[in-house]
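I sat down with this one to look up a few things and keep notes as I went. Here is what I wrote.

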Amino acid sequence: MVTKRTARYFAKIGFYLHYKPPLRGIVRGVGGLAERGRQTVSQLAKPVAKRAAPRPIQEDEYAGTIDKSLDEIETLLKKRGFIRNLLSRLKTRDGDPEVGSWVYREEPRAEYQLHVMLFPGEGDTVDVYAHHEYSSVNSDVAYKHFSGQALDPKRGVEMAREKLPIGGEG
């Protein structure tokens with residue numbers, strides 16, 4: 001179990017990585033390379049820290065499919081204010097890892113965040129999964145985030161469908 005102190009520590013690291021120069025620019029600039037690093041670290045954490053190890057995605061987190069390539073969707077996510085979620089626990093679907101983890105916050109210190117996870121769809125499409133949760137980079141609520149309190153797939157799916165062109169909408 002994550003302690004409150006540890007949660008605050010990781011929240012501060014996440015905040016600086018995602019929002020403070022020069023780290024913000026570096027993290028956002030390395031894109032897919034950073035995503036692969038996140039996947040590797042999560043896999044390595046499996047025997048050491050259960051809460052950091054990969055977890056299967058849940059069916060109720062499925063928001064829909066976007067009829068665009070992964071590169072097009074990542075460009076769209078950036079334009080709509082999402083940032084790559086590098087400290088997220090890796091999600092898997094049928095044992096295969098997600099190909100992207102992104103987060104939307106109204107502001108850097110927001111209490112809540114929309115977390116979207118991307119998986120390859122059929123052909124040139126991407127399946128989107130989502131949940132609404134406490135922010136991982138706000139040290140005031142980080143413990144609630146890391147302990148999984150108030151994780152809300154239904155609200156996350158609704159928000160993802162409002163913000164993204166799922167099923168040709170958005």
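My entries below go from the whole chain to single residues.

**Entry 1: the whole chain.** I noted first that this is a predicted model. I then looked up the secondary structure and found five helices and eight strands in the protein chain. Reading along the sequence, I wrote down the order as α-α-β-β-α-β-β-β-β-β-β-α-α. Next I checked burial: the chain has 170 residues, and 46% of them count as buried. For the accessible surface I got about 9,200 Å², with 52% of that belonging to carbon and sulfur atoms. I also looked at contacts between residues at least 6 apart in sequence, and 61% of these join residues at least 24 apart.

**Entry 2: helix H5.** Which residues of H5 are buried? In this helix, which spans residues 153-163, I found Pro153, Gly156, Val157, Met159 and Ala160 to be buried. They sit on the same side of H5, because the arc they cover around the axis is only 165°. I then asked what covers the buried residues of H5. The cover includes three strands I could name: E2 (62-66), E7 (112-120) and E8 (126-134). Turning to the face that points away from the buried side, I found the exposed residues Lys154 and Glu162 there. At the start of H5 I also noted a polar contact: a side-chain oxygen of Asp152 comes within 3.2 Å of the backbone nitrogen of Lys154.

**Entry 3: Gln113.** Strand E7 came up as part of the cover over H5, and I picked Gln113 from that strand for a closer look. Is Gln113 buried or exposed? Its relative accessibility is 1%, and the cut-off for buried is under 20%, so Gln113 counts as buried. What does its side chain reach? A polar atom of the Gln113 side chain lies 3.2 Å from the backbone nitrogen of Ser136. Ser136 is also on the contact list of Gln113, which leaves aside neighbours within four places in sequence. The rest of that list reads Val103, Tyr104, Arg105, His131, His132, Glu133, Tyr134, Ser135 and His145.

**Entry 4: a nonpolar patch.** Last, I went to the surface and looked up a nonpolar patch of about 370 Å². Tyr9, Phe10, Ile13 and Leu87 make this patch. I followed up on Ile13, which lies in helix H1 (residues 4-19). Ile13 counts as partly exposed because its relative accessibility is 30%.

How values were computed
Residues are numbered from 1 along each chain as its sequence is written. This is a predicted model: local features need pLDDT of at least 70, side-chain atom pairs count only at pLDDT 80 or more; totals for chains, interfaces and linings use all residues. Side-chain values use heavy atoms; hydrogens and water are left out. Patches are made of residues with over 30% relative accessible area and no salt bridge: like charges are joined within 9 Å, nonpolar side chains (Val, Leu, Ile, Met, Phe, Trp, Tyr) within 5 Å. Accessible areas come from the Shrake-Rupley method with a 1.4 Å probe; for residues, only the protein chains shown count as cover. A salt bridge is a side-chain nitrogen of Lys or Arg within 4 Å of a carboxyl oxygen of Asp or Glu. Helices (H or I, at least four residues) and strands (E, at least two) are DSSP runs, numbered from the N terminus. Buried means under 20% relative accessible area, exposed over 50%, partly exposed in between (1.4 Å probe, protein chains only). The arc is that of the directions from the helix axis to the C-beta atoms. Contact means heavy atoms within 4.5 Å. A polar contact is a pair of N or O atoms within 3.5 Å; within protein, one must be able to donate a hydrogen and the other to accept it, and residues adjacent in sequence count only if both atoms are side-chain atoms.
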